[in-house]
Amino acid sequence: MKRLRFSCLIALLLSAVSVNVMAYDAVVDGIYYNFNGDEAELTANEPEKDGYSHYSGDFVIPESVYYEGKTYRVTSIGEQAFLGSSLTSVTIPESVKSIGEQAFLSSSLTSVTIPESVKSIGAQAFFNSGLTSVTIPSGVTSIGENAFYYCNSLTSVTINSNAIMSDAYSMYSSLSGVFGGLVQNSIIGEGVTSIGSYAFAYCSRMTSVTIPESVTSIGDYAFLSCEGLTSVTIPESVTSIGNYAFSFCFSLTSVTIPESVTSIGDSAFENCTLLTDVTISEGVTSIGEGAFSYCFILKSVTIPESVTSIGNYAFEGCI
């Protein structure tokens, strides 16, 4: 039922995407642009046809464009610029600062290098694209809702920015988070300071994750239903583990809560059905409601002197 509901919502979201018929100021070497001062924004080509982009193949975006005696620096990829296109790869120059909403939505794009100059990635920017891997550079300060959602081929993500870790989810976040549940290998860089709500929810292919020392908090539902996750290292820098942070991680067998953590959220490890060993270090003051409920084969747990509250049903079903 859960899988069916997931698929239905995907189809519903895709059908709800509205196609904007783009205006443009100029066409140079087959590429459509809008101008603003000395800057140029790349927009969809042949928009008068059907609103979809018809760019294709291996596409190179120039750093600048010359038009009617003036040179414009290409600083942005516009909204829906490559929507539905048959791209296979795109080269983005260091001049580009932003990637607009739905810029590569439903494109066949398999490869992209996002340069350090990019500061923002819009909502649904790579939604339903053919990407196989992606690196988020440290310069990125914001990532929109469902930016990489439903990228079926995406198996590897390297995150060198903490942008993903704040409010990067949407009305569909309970099913996906930013990456749509398909990431297999994730490298979280030292620049990340917090892992936000739903950041890796439903990443069922992920088998392990190492959280760097720079991270101080793990948000609600951060690793919800990462069914293949067998191990996780929580560093001494982390002070809080959010509600449902690791719930339904069916393959997780052991976990150590470091002494830096003061609170374990409600249902944080609920339904981790293979969890056998839990170490809670001195320093934890509260264990949330249902925190380890239905961890059926959990054999033992030592609760340190520092704990002052244990929520209702914290160990329910630990038979």
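Me: Which residues do ring pairs link into a cluster with Tyr-55?

Reply: Ring pairs join Tyr-55 to Phe-59, Phe-82, Phe-104, Phe-126 and Phe-148 in one cluster. Keep in mind that this is a predicted model. By the rule used here, the count of aromatic pairs comes to 18.

Me: How do I tell whether a pair is stacked or edge-to-face?

Reply: Look at the angle between the ring planes: under 30 degrees counts as stacked, over 60 as edge-to-face. Take Tyr-24 and Tyr-32: their planes are at 70°, so this pair is edge-to-face, with ring centres 4.6 Å apart. Now try Phe-82 and Phe-104. Their planes are at 5°, so they are stacked, and their centres lie 4.9 Å apart.

Me: Which parts does the pair of Phe-82 and Phe-104 tie together?

Reply: Find the loops. Phe-82 is in the one between strand S6 (70-77) and strand S7 (86-91), while Phe-104 is in the one between strand S8 (98-99) and strand S9 (111-113), so the pair ties together parts that are 22 residues apart in sequence.

Me: Are the residues in these two pairs buried or exposed?

Reply: The idea is to check relative accessible area: under 20% means buried, over 50% exposed, and in between partly exposed. Phe-82 comes out at 0%, so it is buried, and Phe-104 is buried at 0% too. Tyr-32 has 11% and counts as buried, whereas Tyr-24, with 35%, is partly exposed.

Me: What about the chain as a whole? How much of it is buried?

Reply: Of its 319 residues, 53% are buried. As for the outside, the accessible surface is about 13,100 Å², and carbon and sulfur atoms hold 48% of that. If you trace the backbone, you'll find two helices and 25 strands.

Me: Can we zoom in on one strand residue? Which residues does Ile-280 touch?

Reply: Sure. A contact here means heavy atoms within 4.5 Å. Leaving out residues up to four places away in sequence, Ile-280 touches Ile-257, Ile-264, Ile-287, Phe-292, Val-301, Thr-302 and Pro-304. You'll find Ile-280 in strand S22, and with a relative accessible area of 6% it is buried. Look at Thr-256 as well: from C-alpha to C-alpha, Ile-280 and Thr-256 are 6.2 Å apart in space, though 24 residues apart in sequence.

Me: How do contacts across the sequence add up for the chain?

Reply: Take the contacts with a separation of 6 or more: 35% of them are between residues 24 or more positions apart.

Me: Which residues have a positive phi although they are not glycine?

Reply: Phi is a backbone angle, so read it residue by residue. Among them is Gln-124, with a positive phi of about 55°. This residue lies in the loop between strand S10 (120-121) and strand S11 (133-136), and it is buried at 14% relative accessibility. Another is Asn-271, where phi is near 60°. Asn-271 sits in the loop between strand S21 (263-264) and strand S22 (277-280), and it is buried, with a relative accessible area of 14%.

Me: Back to the surface, then. Which residues make the nonpolar patch?

Reply: Here you look for nonpolar side chains that have over 30% relative accessible area and lie within 5 Å of one another. Leu-274, Phe-296, Ile-297 and Ile-319 make a nonpolar surface patch of about 410 Å². Leu-274 is in the loop between S21 and S22, and its relative accessible area of 40% makes it partly exposed.

Notes
Residues are numbered from 1 along each chain as its sequence is written. This is a predicted model: local features need pLDDT of at least 70, side-chain atom pairs count only at pLDDT 80 or more; totals for chains, interfaces and linings use all residues. Side-chain values use heavy atoms; hydrogens and water are left out. Helices (H or I, at least four residues) and strands (E, at least two) are DSSP runs, numbered from the N terminus. Buried means under 20% relative accessible area, exposed over 50%, partly exposed in between (1.4 Å probe, protein chains only). Accessible areas come from the Shrake-Rupley method with a 1.4 Å probe; for residues, only the protein chains shown count as cover. Rings of Phe, Tyr and Trp (its six-membered ring) pair if their centres lie within 6.5 Å; planes under 30 degrees apart count as stacked, over 60 as edge-to-face and the rest as tilted. Patches are made of residues with over 30% relative accessible area and no salt bridge: like charges are joined within 9 Å, nonpolar side chains (Val, Leu, Ile, Met, Phe, Trp, Tyr) within 5 Å. A salt bridge is a side-chain nitrogen of Lys or Arg within 4 Å of a carboxyl oxygen of Asp or Glu.
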